[in-house]
Amino acid sequence: MLGGAGILLGVAAAPAQAAEVSYKTECVPPSISGLPPVQGTTKVEITAPAEAKVGDEVTITWKFTQAASKNPDVLDLDKDTVKPTGTLKAGGAQTANIAMEGPRQNPAIPKNSDMKLSDMTGKLKLTAAGDVTLTPDAYNINVSKPISTDTKCTPKETVKSSATIKVTGGGTGGTPTPTLPTGLPTLPTGLPTLPTGSATPSPSGSGTDGGGDSGGSDGQTDFTGKEVSVPYACKTPIGDKDATSPVQINAKKNGGSYDLTVQFKKSVMDSPADIPADSVKPSMEVALGGADKGTVHVEGPTNSAAIKSGDPIEVPDLTGTYKPGATGESTLSPGVLTVKALGTTTTCTPTKSEVSLTLDTSEQASGASGGGSTSSGSGSSGTSGGLAETGSDSHSALKALGLVAGTVILLGGAVFTFMPGRRTR
């Protein structure tokens, strides 16, 4: 606590600085818009402590004083529908790419008026003494309604640094670390009782904490997985989209197999059109690892209620059966998610895999190990590569979705943040 307070005092003692930088920018509208890149000028003000110490974690603010484009006279932008994210480059004594993010907070933006982007913030852990420069880099603008779209903006010239932090040596700030071990020897003396209590079940081989409970031979039947944040790259009928959702895999032992339940804690996409009930069907290929190999097919029910355009498509619990094909510690991770709706297919592929559940499995006849993909009796779609191919769907189906739902009009309004002040067409 004292060490943390020292860091806060050190940062607070140094006055903050704010400096504006202007640079030419190219913003690329979403592919579905069919519009060419937009050229504009971005003006950014970076605020950071003027001085800090090695070991401090400083907060940096990115303020847009001018966006690269205006909202043209196509569609009024609703309140709290715009979210900026970006990258701030640290240079000099320390190099790093600092992730910046702003809240989805904006006033209502009328047609043909200046864009209003919220301030972005990020944190940097200082690791070296000297001058650390801060330079704005690429940024992204996400608009959630009427459909979710992204515009990617990149500098088209060398950008000047906007702020500099003078970083001094840690000084006394580094002393708390070596003092910690001197106060800890009393802890090991009280801990030997812990290994003695866990020595008996250790031969089960469930010592690896790969995420969630580990299924052993102690009679346990229910296993709760760890909630993991999964970044998805989605190919939708109206264009590509990145989304992140917390996912959790749970299991219940059923003889030699396991009944799986995959839970999505957050929607990964918004509906591009009004969708009637019983029209959306989600499924996933749970990825196996560790001792076992392949995938397990899980799927959920269709939507019980109609989904309005712009509303999130909630993914229900996905269920299926995992029959182990190997003996040992097998891991289960969220895999490719497929959502079928109105004759189209959206495929979301994880860009980063993380284990949600680890089970101590025993090989079963015709189990998963060694196969490319395992189905729970409902017919797997094969490898993730095959699923990705279905994501594009047919061009005619895409057109049908756009015409039936009036998406042509929506798409015209979805690109309003990316066009210059005057209409292109």
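Me: Let's start with the whole chain: what share of its 425 residues counts as buried?
Reply: This is a predicted model, where local features need pLDDT of at least 70 and side-chain atom pairs pLDDT 80 or more, while totals for chains, interfaces and linings use all residues. Residues are numbered from 1 along each chain as its sequence is written, and side-chain values use heavy atoms, without hydrogens or water. Buried means under 20% relative accessible area, exposed over 50% and partly exposed in between, with a 1.4 Å probe and protein chains only. Of the 425 residues, the buried share is 41%.

Me: How many strands accompany the seven helices?
Reply: Both kinds of element are DSSP runs numbered from the N terminus, with helices (H or I) of at least four residues and strands (E) of at least two. Next to the seven helices, the number of strands in the chain is 23.

Me: Which strand gives the most to the largest nonpolar core?
Reply: Such a core joins buried Ala, Val, Leu, Ile, Met, Phe, Trp, Tyr and Cys through side-chain atoms within 4.5 Å. The largest one has 35 residues, with Ile 60, Trp 62, Leu 134 and Tyr 139 touching the most other members. Among the elements that give two or more residues are strand 1 (16–28), strand 2 (38–49) and strand 4 (57–66). The top contributor, with five residues, is strand 10.

Me: How many residues are in the second, separate core?
Reply: Phe 223, Val 296, Ile 307 and Val 315 are included in this second core. Its number of residues is 32.

Me: Which residues do ring pairs link into a cluster?
Reply: Rings of Phe, Tyr and Trp (its six-membered ring) pair if their centres lie within 6.5 Å; planes under 30 degrees apart are stacked, over 60 edge-to-face and the rest tilted. The whole structure holds six such pairs. One of them is tilted, joining Trp 62 and Phe 64 at 5.6 Å centre to centre with 45 degrees between the planes, and both residues are buried. The cluster made by ring pairs consists of Trp 62, Phe 64 and Tyr 139.

Me: Why do Tyr 258 and Tyr 322 count as stacked?
Reply: Both residues are buried. Tyr 258 is in strand 17 (residues 257–264) and Tyr 322 in strand 20 (residues 318–322), so the pair ties together parts 64 residues apart in sequence. The ring centres are 6.1 Å apart, and the pair is stacked because the angle between the planes is 25 degrees.

Me: Which strand gives the most to the lining of the largest pocket?
Reply: A pocket is an open set of points on a 1 Å grid over the protein atoms alone where a 1.4 Å probe fits, with protein on both sides within 12 Å along at least five of seven lines; lining residues have an atom within 4 Å of a point. The largest holds about 890 Å³, the space filled by probe spheres on points joined across faces, edges and corners. Its lining has 32 residues, and Lys 83, Asn 142, Asp 150, Asp 242 and Ala 243 lie nearest the centre. Five lining residues come from the leading strand, strand 16.

Me: Where is Ser 366, with its positive phi of about 60 degrees?
Reply: Ser 366 has that positive phi although it is not a glycine. Its relative accessibility is 71%, so Ser 366 counts as exposed. Its place is the loop between strand 23 (357–361) and helix 5 (384–391).
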